[in-house]
Protein chains: 2
Amino acid sequence: MPSTLEFFFDYSSPYSYLASTQVQALGERNGAIVKWRPFLLGAVFKATGNVPPSSNLAKAQYLLKDLSDWIRHYRLPELVWPPSFPMNSVLADRLGLVAEEQGKLIEYTRETFHAAFAKGQDISEKEVLYGVLVTLGMEPEAALARATSQEIKDRLRANTDEAVARGAFGAPTFFVGEDMYVGNDRLPFVERALTVAGRATG
Amino acid sequence: MPSTLEFFFDYSSPYSYLASTQVQALGERNGAIVKWRPFLLGAVFKATGNVPPSSNLAKAQYLLKDLSDWIRHYRLPELVWPPSFPMNSVLADRLGLVAEEQGKLIEYTRETFHAAFAKGQDISEKEVLYGVLVTLGMEPEAALARATSQEIKDRLRANTDEAVARGAFGAPTFFVGEDMYVGNDRLPFVERALTVAGRATG
């Protein structure tokens with residue numbers, strides 16, 4: 001049985017963006033199934049009393065430098081910082097779950113992160129997300145209506161609550177079984193865990 | 001001219017401990033001089049408004065797991081957690097500067113971190129540091145007297161103030177020139193910076 005890598009992320013999180021560009025290939029080369037699980041980072045912070053790094057001035061200054069280091073390392077498009085940060089990501093997250101219903105979560109995630117951190121667009125704005133949906137060939141009006149349905153709202157809340165209950169306090173958060181790893185910079189440890197899991201079951 | 005890697009660290013910081021086991025070899029294989037610079041992390045937190053990861057419950061729980069992951073990765077002795085954390089490190093830091101005067105900073109640092117995180121001793125206690133000094137063949141009474149001299153106090157404060165002025169907000173903090181890197185997990189980026197610096201001047 002292939003092992004599973006759960007990837008909890010939020011569209012407002014630049015380190016989630018970084019991880020999102022690596023995680024699928026990482027899973028595939030280790031024979032693991034990657035479960036992409038959008039959650040609401042703001043609610044994770046509220047539940048755990050944690051704060052985003054940008055809430056501290058010295059940390060915020062380093063954040064931009066560090067992100068640029070990672071972007072160069074991963075050879076991603078130059079960082080273009082969004083007009084407001086951290087932005088409200090609840091609609092983007094819910095639309096991720098709608099995209100998932102249509103088998104388009106990975107593509108939606110790529111486009112939405114690209115809009116936020118490579119084009120510097122404000123993904124809290126419905127118009128920006130509308131553009132993403134059009135690009136993906138999703139029916140925008142229907143997707144936006146579905147995003148505000150109780151079912152989708154509940155599903156996002158359930159992902160968030162579950163992650164917190166399992167120990168999450170930030171994003172991205174990875175699980176291999178109940179083995180938790182926090183942060184894009186822990187992907188090498190995630191890979192090691194998958195290798196071990198693969199040997200155990202393979 | 002060889003490039004210089006500055007390594008700001010504090011004896012209460014487990015991630016400084018991790019980095020201390022790697023940084024000298026990293027510098028040497030890149031032809032760089034490593035400047036070991038003890039500073040007072042508590043004062044850095046106070047100056048920047050930052051807080052240690054252990055101040056958040058969910059983070060603190062992950063901290064221990066993450067440290068164990070690193071310890072396995074670096075093949076270090078099993079983590080033995082000190083009786084109080086974060087501990088008062090001011091005397092340990094000042095003694096680091098005394099050891100530096102005697103050309104023993106690296107050995108002192110190795111022994112002190114080992115006492116704190118592999119033996120689980122309380123390095124805020126003078127008796128524990130006394131034992132470290134004896135192990136290193138340093139005159140303990142004289143070293144402790146020197147550690148409370150105005151000159152050593154001022155030197156620790158100067159290291160701390162300088163690091164904060166240059167952007168530090170936590171430990172360990174590395175500088176290659178004014179290029180700053182924060183955290184043991186950024187050592188691969190530190191190494192890349194040294195490689196680039198080496199090419200530029202070599």
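Select A:Ser68 to begin, and you will find this residue in helix 4 of chain A, where helices are DSSP runs of H or I with at least four residues and strands are runs of E with at least two, both numbered from the N terminus. A:Ser68 has a relative accessible area of 36% and is therefore partly exposed, a class that falls between buried (under 20% relative accessible area) and exposed (over 50%), judged with a 1.4 Å probe on the protein chains only. If you also select A:Ile106, which is 38 residues from A:Ser68 in sequence, the C-alpha to C-alpha distance is 23 Å.

Before going further, note that this is a predicted model, in which local features need pLDDT of at least 70 and side-chain atom pairs count only at pLDDT 80 or more, while totals for chains, interfaces and linings use all residues. Residues are numbered from 1 along each chain as its sequence is written, chains are lettered from A and ligands numbered from 1 in the order in which they are written, and side-chain values use heavy atoms, with hydrogens and water left out. The predictor's confidence in each residue, pLDDT, runs from 0 to 100; for chain A the mean is 96, and 99% of the residues reach 70 or more. Where pLDDT is low, the predicted coordinates should not be read in detail. The scores of the model are ipTM 0.93 and pTM 0.95.

**Chain A as a whole**

Now select all of chain A and colour it by secondary structure, which brings out 10 helices and four strands. Followed along the sequence, these elements of chain A come in the pattern β-α-α-β-α-α-α-α-α-α-α-β-β-α. The C-alpha trace of chain A spans about 45 × 40 × 35 Å along its principal axes. How does the radius of gyration of chain A agree with that of a compact globule? For 202 residues such a globule would come near 17 Å, and chain A, at 16 Å, agrees with this; the radius is taken over C-alpha atoms, and the globule rule is 2.2 Å times the number of residues to the power 0.38. Of the 202 residues in chain A, 53% are buried. Contact means heavy atoms within 4.5 Å, and among the contacts in chain A between residues at least 6 apart in sequence, 72% join residues at least 24 apart.

**The loop after helix 4, in both chains**

Move next to the loop between helix 4 and helix 5 of chain A, where you can select A:Arg75. A:Arg75 is not a glycine, yet its phi is positive, at about 60 degrees, and with 76% relative accessibility A:Arg75 counts as exposed. In the loop between helix 4 and helix 5 of chain A you can also select A:Ser84, which counts as partly exposed because its relative accessibility is 32%. From A:Ser84 to A:Leu26 there are 58 residues in sequence and 31 Å in space, C-alpha to C-alpha.

Turn to chain B, where B:Arg75 lies in the loop between helix 4 and helix 5. B:Arg75 has a positive phi near 55 degrees, though it is a residue other than glycine, and B:Arg75 is exposed at 76% relative accessibility. B:Pro86 is also placed in the loop between helix 4 and helix 5 (90–101) of chain B, and the peptide bond that joins B:Phe85 to B:Pro86 is cis, with omega about -10 degrees.

**Helix 9 of chain B and the loop that follows**

Select B:Asn159, which belongs to helix 9 of chain B. Is B:Asn159 buried or exposed? With a relative accessible area of 9%, B:Asn159 is buried. Neighbours within four places in sequence aside, B:Asn159 is in contact with B:Phe8, B:Arg37, B:Pro38, B:Phe39 and B:Leu97. B:Arg37 is 122 residues from B:Asn159 along the chain, and their C-alpha atoms are separated by 6.9 Å.

Then go to B:Pro172, in the loop between helix 9 (150–165) and strand 3 (173–176) of chain B. A cis peptide bond with omega about -5 degrees joins B:Ala171 and B:Pro172.
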